[in-house]
Amino acid sequence: MRGLPRVSPKTRARILELASDMGYVASSAASGLATGRTRTIGVLAPYVSRWFFSRAIEGVDIELHAQNYNLMLINLGGYGTSRSRLFEHTMLRKQIDALVVLCLAMHPSELEHLHRVEIPLVSVGPVEGFHGVSIDDYEATQVATNYLIGLGHRRIAQLQGVEADEMNFEVPKLRNRAFEATMLAAGLELRPEWELVGDFTFASGVRAAAWLFESGTERPTAIFCASDEMALGVLAEARRRGIRVPEELSILGIDDHEFSAAAGLSTIWQDPVAQGQSAASMLLKRLDGDEAAIRTVTAPYTLLQRETTASPRRSR
């Protein structure tokens, strides 16, 4: 019933047929008592509604399902919420065998709790103090910014993603630093009125674009957005106002959201489903005794040029 190799195929088929006829289902609780395992992996997520997180969770679940493991979702419901109960030593030890953390910085007290529990830990997305799977966000943003510069853009705005509790999210800081450093290295100006702020949602992209278009300031020829969801919001607002994309404004995102191809959005592609699968695979191998299974893995990314980016008009 457990799928162990020391059973002949003929005997296995007979046992499974009998179990099916009897309606027998193995008790995970009993198995846990016998093996000390719950066969459950926890996933700690700051949100489940955001595209990246939901796709990474899907990837973890795909891998766990294939190995007959269960997934326990621990949803913080936002970065700024109280988190003390989620890091209690007894809760994690009794309910899960290992933990995946999604893009969440840990306070020292939280790290201390997790290490005290002594369960395998891995991250999806950059999390300080963890081995895990993620793209190089700094390098990917450099590629994105240099791409716009290479097209001839000199007036480039940035739509950052900033959370209310910014210290708990490393990605926006990495992308912001990379954008600014790349612009300065190219001798280009960082204008305060072009430093826009969103929260990684479509609605915040719409709001930021509306502010920019109504501000009366000189319009940039390109906008780099720290997520596709925000970039899609900017694109929708530009089209609503009759601003031609990319003739009058180039828009570039990062992530390759499932709607981006249909919208023709140029972006930096990454695959959070594959990242979630890779993280879960490392944990399962570690639980099977592979001491070297958990390590830092740099996931692939690539620039996708679609219809929302082009060289700026010469008259501008």
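Visitor: Which strands does helix α3 lie across, and at what angle does α3 run to β2?

Guide: In this predicted model, helix α3, residues 51-66, lies across β1, β2, β3 and β4 (121-124). Its direction is at about 160° to β2.

Visitor: Which strands does helix α11 lie across?

Guide: Helix α11, residues 272-287, lies across β1, β3, β4, β5 (132-134) and β11. Relative to β4, helix α11 runs at about 170°.

Visitor: What is the order of the strands in the open sheet, and what is the sense of their pairing?

Guide: The order is β2-β1-β3-β4-β5-β11, with parallel pairing throughout these 6 strands.

Visitor: What makes β2 and β11 edge strands?

Guide: Each of them, β2 (70-75) and β11 (297-298), pairs on one side only.

Visitor: What makes β1 and β3 a pair of strands?

Guide: Pairing requires at least two bridges. Strands β1 (residues 40-45) and β3 (residues 98-102) have 4 bridges between them, in the parallel sense; the requirement is therefore met. Within this pair, G42 of β1 stands opposite L99 of β3.

Visitor: Why are α3 and α11 called oblique to each other?

Guide: Two packed helices are described by the angle between their axes and the distance between the axes. For α3 and α11 the angle is about 45°, and the axes are 7 Å apart. Angles under 35 degrees count as roughly parallel, and 65 to 115 as roughly perpendicular. The angle of about 45° falls in neither range and is not over 145, so the two helices are oblique to each other.

Visitor: Which hand does the crossing of α3 and α11 have, and which residues make the contact?

Guide: The crossing is right-handed. On α3 the contact is made by W51, F52, R55, A56, E58, G59, V60, I62, E63 and L64, and on α11 by P272, V273, Q275, G276, Q277, A280, S281 and L284. By class, the residues of this contact comprise 10 nonpolar, 5 polar and 3 charged.

Visitor: Why is R175 called buried?

Guide: The relative accessible area of R175 is 4%, and the term buried applies under 20%, so R175 is buried. R175 belongs to helix α7, residues 170-185. Setting aside neighbours within four places in sequence, R175 is in contact with I135, D137, T141, Q158, F200, A226, I254, D255 and Q270.

Visitor: What makes strand β6 mostly covered?

Guide: In β6, residues 156-161, 6 of its 6 residues are buried. In a regular strand the side chains alternate between the two faces of the sheet. Along β6, I156, Q158 and Q160 point one way, while A157, L159 and G161 point the other way, and all are buried.

Visitor: Which strands pair with β6, and over how many bridges?

Guide: Strand β8 (residues 222-225) runs parallel to β6 and is joined to it by 4 bridges; here Q158 stands opposite F224. Strand β7 (residues 195-198) also pairs with β6 in the parallel sense over 4 bridges. Across from L159 is L196 of β7, and across from G161 is G198 of β7.

Visitor: Which side chains of β7 are buried?

Guide: L196 and G198, which point to one face, are buried, whereas E195 and V197 point to the other face and are not.

Visitor: What makes the backbone at R39 and N68 notable, and why do the two residues fall into their accessibility classes?

Guide: Most residues other than glycine have a negative phi, and most peptide bonds are trans. R39, which is not a glycine, has a positive phi of about 55°, and phi of N68 is likewise positive, near 60°. R39 lies in the loop between α2 (28-35) and β1, and N68 in the loop between α3 and β2. The relative accessibility of R39 is 33%, between the limits of 20% and 50%, so R39 counts as partly exposed. N68 has a relative accessible area of 60%, over the 50% limit, and is therefore exposed.

Visitor: Which residues does the cis peptide bond join, and what is its omega?

Guide: The bond joins V245 and P246, with omega of about 10°. P246 lies in the loop between α9 (228-240) and β9 (250-252).

Conventions
Residues are numbered from 1 along each chain as its sequence is written. This is a predicted model: local features need pLDDT of at least 70, side-chain atom pairs count only at pLDDT 80 or more; totals for chains, interfaces and linings use all residues. Side-chain values use heavy atoms; hydrogens and water are left out. Contact means heavy atoms within 4.5 Å. Axes are lines fitted to C-alpha atoms, for helices over the stretch in contact, and angles run from 0 to 180 degrees between N-to-C directions. A crossing is left-handed if the near helix is turned anticlockwise from the far one by less than a right angle, and right-handed if clockwise. Ala, Val, Leu, Ile, Met, Phe, Trp, Tyr, Cys and Pro count as nonpolar, Asp, Glu, Lys and Arg as charged, and the others, Gly among them, as polar. Buried means under 20% relative accessible area, exposed over 50%, partly exposed in between (1.4 Å probe, protein chains only).
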